Amino acid sequence: GSPVSAPSRCVLLTGLHTGHAQIRLNDGMAHRGAVSRHDSMFVNPGLEGQYPLKEGTMTLGRMLQNAGYATGCFGKWGLGYPGSTGEPNKQGFDEFFGYNCQRQAHTYYPAFLWKNGERVLLNNQVQDPHLTRLDKDASPYDDANYRKFEQQDYANDLIFGELMAFVDKHKDQPFFAMWTTPLPHVSLQAPQEWVNYYVKKFGDEEPYVGKAGYLPCRYPHATYAAMISYFDSQIGKLVAKLKEEGLYENTLIVFTSDNGPTFNGGTDSPWFNSGGIFRSEYGWGKCFLHEGGIRVPAIYTWPNRIEKGSESNHVSASQDVMATLAELLNLECPPTDGISFLPTLLGDVQRQKEHPYLYWEYPDAKIGMKAIRMGRWKGIISDIRNGNQTMELFDLEKDVTETTNVASEHPEIVRQLHQLMDEARVQSDHPSFNF
């Protein structure tokens, strides 16, 4: 949906791409004050959270709630500060537990989480991940010097516990659980047993001391891998629970991501080959509209309905999910930019409709960019904030990694894509989202 989290989640929840979406940027609403300081947010909840969804927005949660489903969201929200119209319980979710604010989710040992509009205090001290560093003159190679970053309540344990309790509570009725786990977002923090496992596997490594933001980490590669394996083990426990309760055969499970791999916080995406064939360093992965920033996993499993091991090259995006679930449940889909890909999931490819094009915009405050995909062609305009309107053009059939700009060879395609870009968007109500 977008190369960063809040707008991507907005696209998923509303079925509107970023040319029409209410939220098009991670906007902390800095006019409120010290919105990036964790100590200030702890004292004043009014500094938490992001730009809110409007009252009465038709979200995926509300659509399923109206259809009789119990709805729950567990993890990171980022679509409206506490008390705003964008709170999850006001946007179609019966239950919520997790981080209201994306900036709070920069640490996995927060001082609090939120449950249905109420703060839940944890057995952790306030620790700002962007200000806390190793003590002066402390050796970055001494494990003991990192113990100051360890606390008691690991947020992902608590979030997963609430998710499992929701499944148990609603196992006798239709339910929709949206598990927006922040894993493996930075900071690099994972259960020690998993870190130890990968330290043994990888051997010693250079520590991350915090130069690219977030908390320092003695074993960054091992910890990042540990976060992913920990998350994978949770998925296994959830599936085991569904099987134990006799729900697995009648449950559609979806796994996807809000954006491509990141470049900061010690994650070292190129070392992990996180983007596969796509580059994932700064300028190519998260926060950018190259394929590495917006092409993400989309895995659907549903026993006896979706063929095991089947794959599809159908071109779709997050705005299609609402239309797909509406068709699945025989619901009237609200107006969206989406096209149902249920025929593809069920193997009825002859019935599958295709998008004439897909559109993205990302109004980053320093750069600003737009992208469009029409068949084999991908057009990108970058640096719009600084006056650039020149499009780069890539032929994804021949050049999926976007290495060769062929705009000069296809001026008619460039003109067509420029026109479609103009038609694809409307100005936002929020000034910072406009170019």
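Which residue's side chain meets that of R37 in a salt bridge? The partner is D39, at 2.9 Å from N to O. This is a predicted model. Two open sheets are described below, one of 5 strands and one of 4 strands. The whole structure holds 24 salt bridges, and several are set out here with the exposure of their residues.

**The five-stranded sheet**

- The strand order is β4-β3-β2-β1-β5, and the pairing is mixed.
- β4 and β5 (175-180) stand at the edges. Each has a single partner strand, so one side of each lacks a neighbour in the sheet.
- Neighbouring strands of this sheet are turned by 15 degrees against each other on average, direction ignored.
- β1 (residues 70-76) pairs with β5 in the parallel sense, over 6 bridges.
- A70 has F175 of β5 as its bridge partner.

**The four-stranded sheet and its helix**

- Here the order is β8-β9-β10-β11, with antiparallel pairing.
- The edge strands are β8 (358-362) and β11 (392-395), and each pairs on one side only.
- The twist from one strand to the next averages 15 degrees.
- β8 and β9 (residues 369-374) run antiparallel and are joined by 5 bridges.
- E361 has K370 in β9 as its bridge partner.
- Helix α11 (residues 411-424) lies across β8, β9, β10 (377-381) and β11. The helix runs at about 115 degrees to β9.

**Salt bridges**

- R37 and D39 form the pair named at the start. R37 counts as partly exposed because its relative accessible area of 35% falls between the 20% and 50% limits. D39 is also partly exposed, at 34%.
- E48 forms a salt bridge with R119, and their closest N and O atoms are 3.1 Å apart. This pair links distant parts of the chain, 71 residues apart. E48 sits in the loop between α2 (38-43) and α3 (60-66). R119 belongs to strand β4 (residues 118-121), which is an edge strand of the five-stranded sheet.
- Is E48 buried or exposed? E48 is buried, with a relative accessible area of 0%. Its partner R119 is partly exposed, at 23%.
- D348 and R351 form another salt bridge, with the closest N and O atoms 3.0 Å apart. D348 is partly exposed, with a relative accessible area of 33%. R351 also counts as partly exposed, at 44% relative accessibility.
- Salt bridges also form a network: D168, K171, K241 and E245 are linked in this way.

**T132 and its surroundings**

- Where is T132 found? T132 lies in the loop between β4 and α4 (155-169).
- T132 has a relative accessibility of 16%, so it counts as buried under the 20% cut-off.
- A polar atom of the T132 side chain lies 2.7 Å from the backbone oxygen of D128.
- Which residues does T132 contact, leaving aside its neighbours within four places in sequence? The contacts are Q127, K148, F149, L215 and P216.

Notes
Residues numbered from 1 in each chain as written. Predicted model: local features only at pLDDT ≥ 70, side-chain atom pairs only at ≥ 80, totals over all residues. Heavy atoms only, no water. Pairing = 2+ DSSP bridges. Axes fitted to C-alpha atoms, helices over the stretch in contact; angles between N-to-C directions. Contact = heavy atoms within 4.5 Å. Salt bridge = Lys/Arg side-chain N within 4 Å of Asp/Glu carboxyl O. Buried < 20%, exposed > 50% of the residue type's maximum accessible area, 1.4 Å probe, protein only. Polar contact = N/O pair within 3.5 Å; in protein donor to acceptor, adjacent residues only side chain to side chain.
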